[in-house]
Amino acid sequence: MCIIGRPGVDAQVRHELEAAVVQVEFLMNEGALITVTADDSLHLWNFRQKRADVVHSLKFQRERITVIHLPLRSKWLYVGSERGNVHFVNVETFTLSGYIINWNKAIEV
């Protein structure tokens, strides 16, 4: 994957496994990037060093990831699944929260 920014800012990164990248989310003013791969993994990249590298990875086992969203100035990444559930990942520790919005509970409200 090739990332190009303002003049003089460019990087090429490659996942160790050959899974396709399906979504990319930049962490504003953090020098970091989150990628979602086709094998339902989240990867946190650090660009503040000479060579961009994956610093954390998180694999979803039971649900397929369909979308991610990081609200502005939030430490919580929203991870939507094919079942309609929303999971939360803390971007500072890159750990999965135990809190889940289940699709069937959201519809009841």
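The paragraphs below walk through a predicted model of one protein chain, from its overall make-up to a few single residues.

The chain has 109 residues, and 34% of them are buried. It contains 1 helix and 10 strands. Reading along the sequence, the strands come one after another and the helix follows at the end, giving the pattern β-β-β-β-β-β-β-β-β-β-α.

One part of this arrangement can be followed strand by strand. An open sheet is built from 4 strands in the order 3-4-5-6, and their pairing is antiparallel. Its edges are strand 3, covering residues 21-27, and strand 6, covering residues 53-59; each of these pairs on one side only. On average, and with direction ignored, neighbouring strands in the sheet are turned by 20° against each other.

Begin at one edge. Val-21 lies in strand 3. Its relative accessible area is 32%, so Val-21 counts as partly exposed. Together with Val-24 and Phe-26, Val-21 forms a nonpolar patch on the surface, and the three residues have about 230 Å² of accessible area together.

The loop between strand 3 and strand 4 holds Asn-29. What is the sign of phi at Asn-29? Phi there is positive, with a value near 60°, although the residue is not glycine. As a general rule, most residues other than glycine have a negative phi. Asn-29 has a relative accessible area of 73% and is exposed, because the cut-off for that term is over 50%.

Next comes the pairing of strand 4 with strand 5. Strand 4 spans residues 32-37 and strand 5 spans residues 41-46; the two run antiparallel and are joined by 6 bridges. Within this pairing, Leu-33 stands opposite Trp-45 of strand 5. Thr-37 also belongs to strand 4. Is Thr-37 buried or exposed? Its relative accessibility is 2%, and buried means under 20%, so Thr-37 counts as buried. The side chain of Thr-37 makes a polar contact with the side chain of His-43, at 3.4 Å.

Between strand 4 and strand 5 there is a loop, and Asp-40 is located in it. Like Asn-29, Asp-40 is a residue other than glycine with a positive phi. The value for Asp-40 is near 65°. The two loop residues can also be set side by side for accessibility: Asn-29 is exposed at 73%, whereas Asp-40 is buried at 8%.

The last step across the sheet goes from strand 5 to strand 6. How many bridges join these two strands? There are 6, and the strands run antiparallel. Strand 5 and strand 6 form a hairpin, with 6 residues between them. Trp-45, already met opposite Leu-33, has Val-54 as its bridge partner in strand 6. Trp-45 therefore has a partner in strand 4 as well as one in strand 6, because strand 5 stands between these two in the order 3-4-5-6.

Leu-44 is another residue of strand 5. With a relative accessible area of 8%, Leu-44 is buried. Leu-44 and Leu-58 are 14 residues apart in sequence, and their C-alpha atoms are 8.8 Å apart in space.

Terms used
Residues numbered from 1 in each chain as written. Predicted model: local features only at pLDDT ≥ 70, side-chain atom pairs only at ≥ 80, totals over all residues. Heavy atoms only, no water. Axes fitted to C-alpha atoms, helices over the stretch in contact; angles between N-to-C directions. Buried < 20%, exposed > 50% of the residue type's maximum accessible area, 1.4 Å probe, protein only. Polar contact = N/O pair within 3.5 Å; in protein donor to acceptor, adjacent residues only side chain to side chain. Patch = residues over 30% accessible without salt bridge, like charges linked within 9 Å, V, L, I, M, F, W, Y side chains within 5 Å. Areas by Shrake-Rupley, 256 points an atom, 1.4 Å probe, with all protein chains shown as cover. Salt bridge = Lys/Arg side-chain N within 4 Å of Asp/Glu carboxyl O.
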